[in-house]
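Work through these exercises with the structure open beside you. Try each task before you read its solution.

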Amino acid sequence: VLGPVSAIEVANKVIAPDGFPRSTVLAGGTFPGPLIQAQKGDEFLLNVTNLLNDTSMDITTSIHWHGIFQHQSNWADGTAWITQCPIQPNGSFLHRFTVPDQAGTYWYHSHVPTQYCDGLRGPLVIYDPDDPLADMYDVDDESTVIVLSDWYHEPSPLLYNSPPFTPDSSLINGLGRYPGGPASPLAVFNVTQGQRYRFRIIGASCDAWFNFTIDGHDMTIIEADGNEVEPVVVDSLAIYAGQRYSVVVTADQPVDNYWIRFVSDFPNQTFDGGLNSAILRYNGAPIQDPTTDPGPYVLPFDESALHPLQGSGVPGIPGQGNADVNINLITGLNAAGLFTVDGVSFVDPPLPVLLQILSGAQNASQLLPNGSVYELPANKTIEISFPATDLNPGGALGGPHPMHLHGHAFDVVRVAGNSTYNYINPVRRDTVSIGSQAQNDNVTIRFSTNNPGPWFFHCHIDWHLHR
Ligand code: C2O
């Protein structure tokens, strides 16, 4: 566990989280990277040193603190080619920022193309000493962090050149198994009967999204992407790359072992009593695999049922298209097989965007002439809609795409799977799935331009960011 003042070394290491050894890119020598814990209001001083030398993967790096607003510290956002140059081998970068108004569940990951698929991803939790949720739910323990990830046996640059990108395994906290592989250890979460737990679940995926369930147990959702929500009880949770949830789980079942299932959208990543699973173990239960049945799955997850705990606060005049700036963004794929937004695929600029601005670039077309930069006026309300586009029925053009905005959280006034607009109390978050054309999804978000700087806005499927 690291604190807000820490030295983080990024280095190559051979590890075998699912029993298959491979060279990786790790922060702090582990997968996932060490938990960074801080308190609301802390000043962060995170010095990242690059010790990479395995040229089968990228040997430059950068670390982004996903979900942290970086108000007045845009330069510390950690995005290679947007806010900084990638850190060269033997170089380092000191991030300095404060987090006066955020608490909850976040994560960090490499923001050099596809590098977090090679390992560089870890949890970041900011505690609020006066957390209203702690009183509301009276949890006995809130220390559990559950990092969900897909895992690949090949280095990402190799995979990148040979789509489709099928993961070899799915891991919880760096433990799991792959089809046909050895019976590697699974993650075990120990609970005491009668106690209540806050589980922080992080979708630290490169691509896959997961359906997360615990046999025989409900989960009460209380946080989405660092934003407190009114309690919603579910028995399954859909979590996309980049998203986080906190749930309260009460250990109210007989003392036993229970399967935790996290089935991904990849057909080779199913549950089979070892694959895509972890164990919830009551103290006093025998040390053995669970034999529990799934479900009962009577309380499905519905994103439109998530509402902020405090007030509404959707900026601007309610109503579709009534913001100061209204934008439609169409996702697509070009002839070269690169993903596009409004027909344009992002390319790294010759100099990081922030450095160009600081050296006098005046407008978007000077920054990235191909049209990847959207210039937004300060202190206005922005509404963005994403009409989902599919190549083939049911196959949402490599999606569903989880879109993530840096530097801000947004209100999801129209979620995937529900055509109704909600300008009163929609969920506020920083990463949202834009769904599929087959469902007629047209996900719409609103936010205020209250945090000046160049901010990345991208699909969090790491292959799509680059591709
Ligand atoms: Cu999780 Cu652009 O980041």
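Five exercises on this predicted model follow, each with a worked solution.

**Exercise 1. Find the domains and examine where domain 1 touches domain 3.**

Step 1. Split the chain. The domain assignment gives domain 1 as 5-129, domain 2 as 137-301 and domain 3 as 325-466.

Step 2. Take the centres over C-alpha atoms. Those of domain 1 and domain 3 are 23 Å apart.

Step 3. Count the contacts. Domain 1 brings 17 residues, and these are in contact with 17 residues of domain 3.

Step 4. Sort the domain 1 side by class. Facing domain 3 are eight nonpolar residues, eight polar ones and one charged residue.

**Exercise 2. Give the strand order of the open five-stranded sheet and name its edges.**

Step 1. Read across the sheet. The order is β20-β23-β28-β25-β26, and the pairing is mixed.

Step 2. Look for strands with a single partner. These are β20 (325-328) and β26 (428-429), so each stands at an edge with one side lacking a neighbour in the sheet.

Step 3. Check one pair. β25 (residues 410-414) runs antiparallel to β26, and two bridges link them. Phe410 stands opposite Arg429 in β26.

In general, backbone hydrogen bonds pair the strands of a sheet, in a parallel or antiparallel sense.

**Exercise 3. Decide whether strand β12 is enclosed or open, then trace its partners.**

Step 1. Count buried residues in β12 (residues 196-203). Seven of its eight residues are buried, so the rest of the structure largely encloses this strand.

Step 2. Take the parallel partner. β9 (residues 141-151) pairs with β12 in the parallel sense, over six bridges. Thr144 stands opposite Phe199 in β12.

Step 3. Take the antiparallel partner. β17 (residues 244-250) pairs with β12 in the antiparallel sense, over seven bridges. Here Tyr245 in β17 is the bridge partner of Ile201.

**Exercise 4. Which residues of the largest nonpolar core touch the most other members?**

Step 1. Start with the core itself. Its 106 residues include six that touch the most other members: Leu148, Ile201, Ile221, Leu237, Ile239 and Val247.

Step 2. Follow Ile239. Set aside its neighbours within four places in sequence. Ile239 is then in contact with Leu148, Ile201, Gly203, Trp209, Phe210, Phe212 and Tyr245.

Step 3. Look for another core. A second, separate one has six residues, among them Ala80, Ile82, Val112 and Leu354.

**Exercise 5. Find the unusual backbone geometry.**

Step 1. Set the expectation. Most peptide bonds are trans, and most residues other than glycine have a negative phi.

Step 2. Locate the cis bonds. One joins Phe31 and Pro32, with omega about -10°. Pro32 lies in the loop between β2 (22-27) and β3 (36-39). Another joins Gly295 and Pro296, with omega about 20°. Pro296 lies in the loop between β19 (277-282) and β20.

Step 3. Locate positive phi values. Gln72 is not a glycine, yet its phi is about 65°. Gln72 sits in the loop between β5 (63-66) and β6 (92-98). Asp138 is not a glycine either, and its phi is about 50°. Asp138 sits in the loop between α1 (132-137) and β9.

Step 4. Judge exposure. A residue is exposed if 12 or fewer other C-beta atoms lie within 10 Å of its own. Gln72 has 12, so Gln72 is exposed. Asp138 has 9, so Asp138 is exposed.

Methods: Residues numbered from 1 in each chain as written. Predicted model: local features only at pLDDT ≥ 70, side-chain atom pairs only at ≥ 80, totals over all residues. Pairing = 2+ DSSP bridges. Helix = DSSP H or I, 4+ residues; strand = E, 2+ residues; numbered from the N terminus. Domains from an automatic or database assignment. Contact = placed C-beta atoms within 7 Å. Nonpolar A, V, L, I, M, F, W, Y, C, P; charged D, E, K, R; others polar. Core = buried A, V, L, I, M, F, W, Y, C linked by C-beta atoms within 7 Å. Buried ≥ 20, exposed ≤ 12 C-beta atoms within 10 Å, placed from the backbone.
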